[in-house]
Structure formats: structure tokens, C-alpha cells
Amino acid sequence: MHELDGKVALVTGAGMGLGQACALTMAEQGARVMVADLNDEAGQETVNTIEQRGGTASFVRVDVADATAVETMVKHTVDTYGRLDSAVNNAGIVGDGAPVANESESNWDLVMSINLKGVFLCCKYQVRQMLEQGGGAIVNMSSVMGLNGNAGGVSYAASKHGVIGITKCVALENAQTSIRVNAICPGIMKTPLVDGLISRSGGAFADYAITSTPMARIGEPEEVARTAAWLCSDAASYITGTALPVDGGFNAQ
Ligand SMILES: NC(=O)c1ccc[n+]([C@@H]2O[C@H](COP(=O)([O-])OP(=O)(O)OC[C@H]3O[C@@H](n4cnc5c(N)ncnc54)[C@H](O)[C@@H]3O)[C@@H](O)[C@H]2O)c1
């Protein structure tokens, strides 16, 4: 018996990084998984890995900033697997952050459209479906930068603070509808996004990650994935509206 046996899960940004880890873990725990991503090749690879491990998954292409595409993604999940029990709204970008005086409007708009509007749109269409079927669980991917400031990251931090705001509102709206909504706030995790930051900084970002994290290491994607799967499971039945750090102690400082 697995924690997500019989459930249908949808994970955005599931082609790589944290989203891929969430999709693999949720499939291992028994869920049938709709893998959603902008990148067809990466998404299909996640599906192949799940199937090779004996799980069930399909791919749907989505740009989470596009309302029609998000509505279609949810409809496709229900058409394929009959319902939607769990959603991990993970797709996000870091953008090209700069101190506010030099931050471009185009970077602000891009980061907000994917990180913030994307989570709003996903919640909107997922909640519609979950209301119709009588329940579900949503996990939105925020960040420790949703709880703290970050010099040079105004757009990213504002978007991730906003994700927690969306999470709290949607949780309260649905506190009596059997739909639970929570956010995860990862610290610095080993993903292609962070690999890019490390290589662009000539390695300095890896040193920063280790020295700024009380546990003195970069997190593994599975450490976020296990938390997302647990929040989606019935084991977390009394948890809604929370923003949970998974950060090696970063937020305790
Ligand atoms: N890695 C970290 O240290 C870290 C820390 C805190 C929060 N996060 C958040 O976790 C999430 C995943 O981060 P990651 O490090 O795995 O990133 P990543 O760049 O490694 O992977 C992101 C995935 O999302 C997909 N994607 C990007 N834009 C999309 C869009 N518009 N529509 C659909 N899919 C899209 C990409 O194709 C990719 O497969 C992001 O929201 C990020 O802000 C990451």
C-alpha cells in the first residue's frame, strides 16, 4: 500500500529539476501522473522514466502563463485519467534579476507571468475540477525567497511572496470544500536551474549555497518531492494554507 495509490496527480514543470522529482516520487507512491511542461522532450523523458519503473504517466505540453493552455492541461488530465486529486504547481523561472534601479520591466513581466500568474491560473482551473469531484490537494512551489528578501532578486522574490498569498487565499476559500492548498519553500536545491546559477557565477553560487545554509549542503530534489507527495496525501489531511520551508534550516536564521 502506497500513500498515493488510486490518485491522479498533475505536476507542472515536470520535465526536469524539482518538478521531475515530484512526478517520479508521486508515481512511485502509486499516483497516475500527468507530466506537464513547456519542453516536450524533457517532459516525454520524465514519462519514459516513470513507465520504465513500472508507473503510469502521460505528457501534456503547457505554458503555465497561458490561460487556454492551462485549462486544456486540466481537461486533458481529467479526459485521460478521469479525475484530478493532486496538483503540484511547480513551473517557474529565476529570470535575470538585478538591483531594483536596474531591474528591467521585461524581466519583471516575464517572471510574474510564469511564477505568479501561472500559479493563479493553475489554481483556478484545478479548483474548478476539484470542486466538481468533491476534493483534492494542491501544492504551489514558492521558495525561501517567498519568505525573505534577496538583494538583486526583486521580481523573483515578489513572485514567490505572491505564491504564498495565492496559497493562503485559495486555502481559505476552500477550507470547507475538502480541497487543501499548501506551498513549499525550498532552499537551494540541486537542479538544472541551480546548476546554471553555479556555472554563471564561476562556482561562487555553490560556495554561497553551502555557507548560507545551516546544514551546509545543497538540497536534493527528492527532499522537496517527498514533502510535496506527503502534502498531497491523506496523511496531511489537517494541513492547509501553510508555507513549509524545505531548506536545511535557512529560514530559521
Ligand atoms: N532549485 C532551487 O533551488 C529552487 C529553490 C526554490 C524554489 N524553486 C522553485 O522550484 C521550481 C522548479 O525549479 P527547478 O530548480 O526545478 O527549475 P528548472 O529550471 O530546473 O526546471 C523547471 C522546469 O519548468 C519548465 N518550465 C519553465 N517555464 C515553464 C512554463 N512557462 N510552463 C511550463 N513549464 C515551464 C521547464 O521547461 C523545466 O522543465 C520553480 O518554481 C523555482 O522557482 C527552486
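Which residue forms a salt bridge with K190, and how far apart are the closest N and O atoms? In this predicted model, the partner of K190 is D195, and the closest N and O atoms of the pair are 2.8 Å apart. Both residues are partly exposed, K190 with a relative accessible area of 44% and D195 with one of 33%. Between these two positions in sequence lies T191, which belongs to the loop between β6 (179-186) and α6 (192-200). T191 is buried, because its relative accessibility of 8% falls under the 20% limit that defines this class. Beyond its neighbours within four places in sequence, T191 is in contact with G17, L18 and P221.

The salt bridge between K190 and D195 belongs to a set of seven found in a search of the whole structure. In another pair, E28 is joined to R53, with 3.3 Å between the closest N and O atoms. This pair connects distant parts of the chain, since E28 is located in helix α1 and R53, 25 residues away, in the loop between α2 and β3. E28 is partly exposed, at a relative accessible area of 49%, whereas R53, at 53%, is exposed; the two residues are classed apart because the boundary between partly exposed and exposed is set at 50%. A further salt bridge is formed by R83 and D85, whose closest N and O atoms are 2.8 Å apart. Here R83 is partly exposed, with 31% relative accessibility, while D85 is buried, with a relative accessible area of 9%.

With regard to the interior, the largest nonpolar core comprises 32 residues, and V11, M26, V33, V35, I50, V88 and I184 are those with the most contacts inside it. At least two residues of this core are supplied by each of β1 (8-12), α1 (17-28), β2 (32-37), α2 (40-52), β3 (57-61), β5 (136-141) and α8 (221-232). The largest share, seven residues, comes from α1. Apart from this core lies another, of 31 residues, which includes V8, L10, V119 and I138.

V88, one of the residues with the most contacts inside the largest core, touches L10, V11, T12, C22, M26, V139, M141, A228 and C232 when residues up to four places away in sequence are not counted. Strand β4 (residues 86-89) runs parallel to β5 and is joined to it by four bridges. In β5, the residue that stands opposite V88 is V139, which is also among the residues that V88 touches.

Strand β5 is largely enclosed by the rest of the structure, because six of its six residues are buried. The burial extends to both faces of the strand: G136, I138 and N140 on one side are buried, as are A137, V139 and M141 on the other. The loop between β5 and α5 contains S142, which is likewise buried, at 3% relative accessibility. With residues up to four places away in sequence left out, S142 touches K160, V163, I164, A183, I184, C185 and P186. Of these contacts, I184 is also one of the residues with the most contacts inside the largest core.

Helix α5 (residues 154-173) includes V154, a residue that is partly exposed, with a relative accessible area of 31%. Together with V100 and W108, V154 forms a nonpolar patch on the surface, and the accessible area of the three residues together is about 270 Å². In helix α4 (residues 105-133), M112 is by contrast buried, with 13% relative accessibility. The contacts of M112, leaving aside its neighbours within four places in sequence, are K117, S155, A158 and S159. M112 and A27 are separated by 85 residues in sequence and by 30 Å in space, C-alpha to C-alpha.

Terms used
Residues numbered from 1 in each chain as written. Predicted model: local features only at pLDDT ≥ 70, side-chain atom pairs only at ≥ 80, totals over all residues. Heavy atoms only, no water. Core = buried A, V, L, I, M, F, W, Y, C linked by side-chain atoms within 4.5 Å. Buried < 20%, exposed > 50% of the residue type's maximum accessible area, 1.4 Å probe, protein only. Contact = heavy atoms within 4.5 Å. Patch = residues over 30% accessible without salt bridge, like charges linked within 9 Å, V, L, I, M, F, W, Y side chains within 5 Å. Areas by Shrake-Rupley, 256 points an atom, 1.4 Å probe, with all protein chains shown as cover. Salt bridge = Lys/Arg side-chain N within 4 Å of Asp/Glu carboxyl O. Pairing = 2+ DSSP bridges.
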